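Below are some short notes on the structure, set out point by point. Please read them alongside the sequence and the coordinates.

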Amino acid sequence: MFTSVDSNRKKLEHPSNENVQFPQSLNNSIIKESKSGIANQIDNLLSQNDEYTKLQLTIFGITFIVSCLLASITGIFLGFTFGFSIFTGAIAGIFYLRLLAKSVGKLGKESSGVSKLQLLVPVCLFIFASKLGSLDIFPAMIGFFIYKPSLILYFSRSK
C-alpha cells in the first residue's frame, strides 16, 4: 500500500555556477533585442552627451513638473474635468515641444527648414477636446501652452 523511497539513491548532482561566465556581448544583445521602439529612442536620447540634448531633457522635465502641479491644483479646486483637460493639453504641449526640438535638431544636417508636422498637435488637441465629452477645450488649450512658462522659468534662472 505504501511505497518507500530510498533517499540515498535519489541524489542528483548539479554543477555549480561558480565557474560559469556569460559573455558580456550576449547580455547586451539580449537587452537590445528586448527594447521596444520608444525605449530605444529614450536610451539614445539619454546616452548623448551634447548640451542640446541636456537642454531638451531639462525643459521637458520642468514642463512635466509644472503641468503635474498645475493639473493637480486645478483638479482639486476647480474639478477633475478641468484638471484632466489641463493635463491632457500639457502632454500635447510636451509632444509638440519634442517634435519642434527634433525638427530644429535636424536643421543644417538633413533639412534646410523646420517641419510643419508639429502644427498638427494643437489642431488634433482641439478636435479631440471638442469631440470628447470628458475634456474641455479652453483648459486643454491652456494646458497646451504650459511649456511657455516653463521655458521662461528655465531661461530666467540660467545665466
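1. Ser85 belongs to helix H4. Its relative accessibility is 0%, so Ser85 counts as buried, the cut-off being under 20%. Note that this is a predicted model, and the values here are computed from it.

2. What does the side chain of Ser85 reach? The partner is the backbone nitrogen of Asp136, at 2.9 Å. With neighbours within four places in sequence left aside, Ser85 is in contact with Ser134, Leu135, Asp136, Pro139 and Ala140. Asp136 therefore appears both in this contact list and as the polar partner of the Ser85 side chain, within the 3.5 Å limit for a polar contact.

3. A second serine, Ser150, is located in helix H7. Ser150 has a relative accessibility of 2% and for that reason counts as buried. Apart from neighbours within four places in sequence, Ser150 is in contact with Ile62, Thr63 and Val66.

4. Helix H7 covers residues 147-157, and its buried residues are Tyr147, Ser150 and Tyr154. How are they placed around the axis of H7? Viewed down that axis, the buried residues fall within an arc of 55°, so they line one face of the helix. In an α-helix there are 3.6 residues a turn, so residues three or four places apart point the same way.

5. On the face of H7 turned away from the buried side are the exposed residues Ile152 and Ser156. The buried residues of H7 pack against three helices: H3 (51-77), H4 (80-105) and H6 (137-144).

6. The second largest pocket has a volume of about 180 Å³. Elements giving two or more residues to its lining are H3, H4 and H7. H3 gives the most to this lining, with 5 residues.

7. Which residues line the second largest pocket? They are Tyr52, Leu55, Gln56, Ile59, Phe60, Leu97, Leu100, Ala101, Val104, Leu151 and Phe155. By class, the lining divides into 10 nonpolar residues, 1 polar residue and no charged residues. Gln56 is in the lining, and Gln counts as polar because it is in neither the nonpolar nor the charged list.

8. To sum up helix H7: Tyr147, Ser150 and Tyr154 are buried, Ile152 and Ser156 are exposed on the face turned away from them, and Leu151 and Phe155 are among the residues lining the second largest pocket.

Technical notes
Residues numbered from 1 in each chain as written. Predicted model: local features only at pLDDT ≥ 70, side-chain atom pairs only at ≥ 80, totals over all residues. Heavy atoms only, no water. Buried < 20%, exposed > 50% of the residue type's maximum accessible area, 1.4 Å probe, protein only. Helix = DSSP H or I, 4+ residues; strand = E, 2+ residues; numbered from the N terminus. Arc of directions from axis to C-beta. Contact = heavy atoms within 4.5 Å. 1 Å grid on protein atoms, 1.4 Å probe; cavity = no way out; pocket = protein on both sides within 12 Å on 5 of 7 lines; lining within 4 Å. Points joined across faces, edges and corners; volume = space filled by probe spheres on them. Polar contact = N/O pair within 3.5 Å; in protein donor to acceptor, adjacent residues only side chain to side chain.
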